[in-house]
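Biologist: Could you take me on a close look at one buried acidic side chain and then work outwards into whatever surrounds it?

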Amino acid sequence: MNAEALHLTAFRDREEASVAAARLAGDTLSAEISRRAAASLMLSGGSSPVRMFELLSSERLDWAKVTVGLVDERWVAPDHPDSNERLVRTRLLNNAAERAPFLPMKTGHALPSQAVADRNAAYAPHCTSVSFLLLGMGTDGHTASWFPGAANLAEILCADGAHCVAAVDAPQARVPLRITLTGSAVIRANRALLLVFGAEKRSILERMADADPMNCPVRFAVDGLGDRLSVFWAP
């Protein structure tokens, strides 16, 4: 799949990509607030978006009108180093962005499957059409917590699924128990960004045209979002 088909922009370095990503998110949220006096921002974790979050935290927005949530979460305590909630709270929800309401995915339930009904009710009002959604990608082609080989992957990716949140048990992942936005919630987003770094991930993007979404789930998001998805890459 070539760069034009992917709407891929290549940057000189990760700082330049992060600045552009923060600007795109900020401009999108600002326009959405002007249009309907509210916006939603759903974020992925990992190391790639850390600098973007730091930059975005200082964007001059009416952050009190931006509901911040997660694309997915590992089933760990909110103060655990692997927690996406911890990442967002420490890197984004400060400076100007400290006024933004935050919507956790992790609950006090023992298992993510026990929390699905509760989190679906909480997330559904904000996932009819997410204002701005940030995706990442693993070297196995996963995005969100859509892992190849996950037992319920087909159900999670169902484009017309009724639920916006699903539990995941992915034995191959370092933290197997997770909760994630579903395929239908992701591809309804008004605007989305896939932020990826490194030569290995660029290679995956270039081979995506021949990939089956069940083996390379990021393909589902790319196809479903179409022109509403931008891809930012840096070495």
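Modeller: Sure. The side chains of Asp82 and Arg174 are joined by a polar contact of 2.9 Å (N or O atoms within 3.5 Å; inside the protein one must be able to donate a hydrogen and the other to accept it, and sequence-adjacent residues count only through side-chain atoms on both sides). Before you lean on that, this is a predicted model: local features need pLDDT of at least 70 and side-chain atom pairs 80 or more, whereas totals for chains, interfaces and linings use all residues. Numbering starts from 1 along each chain as its sequence is written, and side-chain values use heavy atoms, with hydrogens and water left out.

So where does the aspartate sit? Asp82 is in the loop that runs between β4 (72-74) and α4 (84-91) (helices are DSSP H or I runs of at least four residues, strands E runs of at least two, numbered from the N terminus). Asp82 counts as buried because its relative accessibility is 16% (buried is under 20%, exposed over 50%, partly exposed in between, with a 1.4 Å probe and protein chains only). Setting aside residues up to four places away in sequence, Asp82 touches Glu73, Arg74, Val76, Arg174 and Val175 (heavy atoms within 4.5 Å).

One of those contacts, Arg74, takes us into a sheet. Arg74 has Arg178 as its bridge partner in β7. β4 and β7 (residues 177-181) pair in the antiparallel sense over three bridges (DSSP must find at least two bridges for strands to pair). The sheet is open, with three strands in the order β4-β7-β6 and antiparallel pairing. Its edge strands, each pairing on one side only, are β4 and β6 (165-169). If you ignore direction, neighbouring strands here are turned by 20° against each other on average. Packed on this sheet is helix α5 (residues 112-123), which touches β6 and β7 and makes about 155° with the direction of β6 (axes are lines fitted to C-alpha atoms, for helices over the stretch in contact, and angles run from 0 to 180 degrees between N-to-C directions).

Follow the chain on from α5 and you meet Cys127, in the loop between α5 and β5. Cys127 has a relative accessible area of 1%, so it is buried. Beyond its neighbours within four places in sequence, Cys127 is in contact with Met42, Cys164, Leu181, Ala185 and Arg188. As a distance check, its C-alpha atom is 21 Å from that of Ala22, which is 105 residues away along the chain.

The next strand, β5, belongs to another sheet. This open sheet has six strands in the order β1-β9-β8-β5-β2-β3, with parallel pairing. At its edges are β1 (8-10) and β3 (66-70), each of which pairs on one side only. From one strand to the next, the twist averages 20°. Strand β5 (residues 132-135) pairs with β8 (residues 192-197) in the parallel sense over three bridges, and Ala192 in β8 is the bridge partner of Leu133.

On from β8, six bridges join it to β9, again running parallel; Leu195 has Phe232 as its bridge partner in β9. β1 and β9 also run parallel, joined by three bridges, and here Ala10 has Trp233 as its bridge partner in β9. Six of the six residues of β9 are buried, so the rest of the structure largely encloses that strand. In a regular strand, side chains alternate between the two faces of the sheet. In β9, Leu229, Val231 and Trp233 point one way and Ser230, Phe232 and Ala234 the other, and all are buried.

Two helices lie across these strands. Helix α8 (residues 199-206) crosses β1, β8 and β9 (229-234), running at about 130° to β8. Helix α9 (residues 218-225) lies across β5, β8 and β9 and runs at about 130° to β9. Six of the eight residues of α9 are buried, so it too is largely enclosed by the rest of the structure. Those buried residues are Val218, Arg219, Phe220, Ala221, Val222 and Leu225. After α9 comes Gly226, with a positive phi near 55°.
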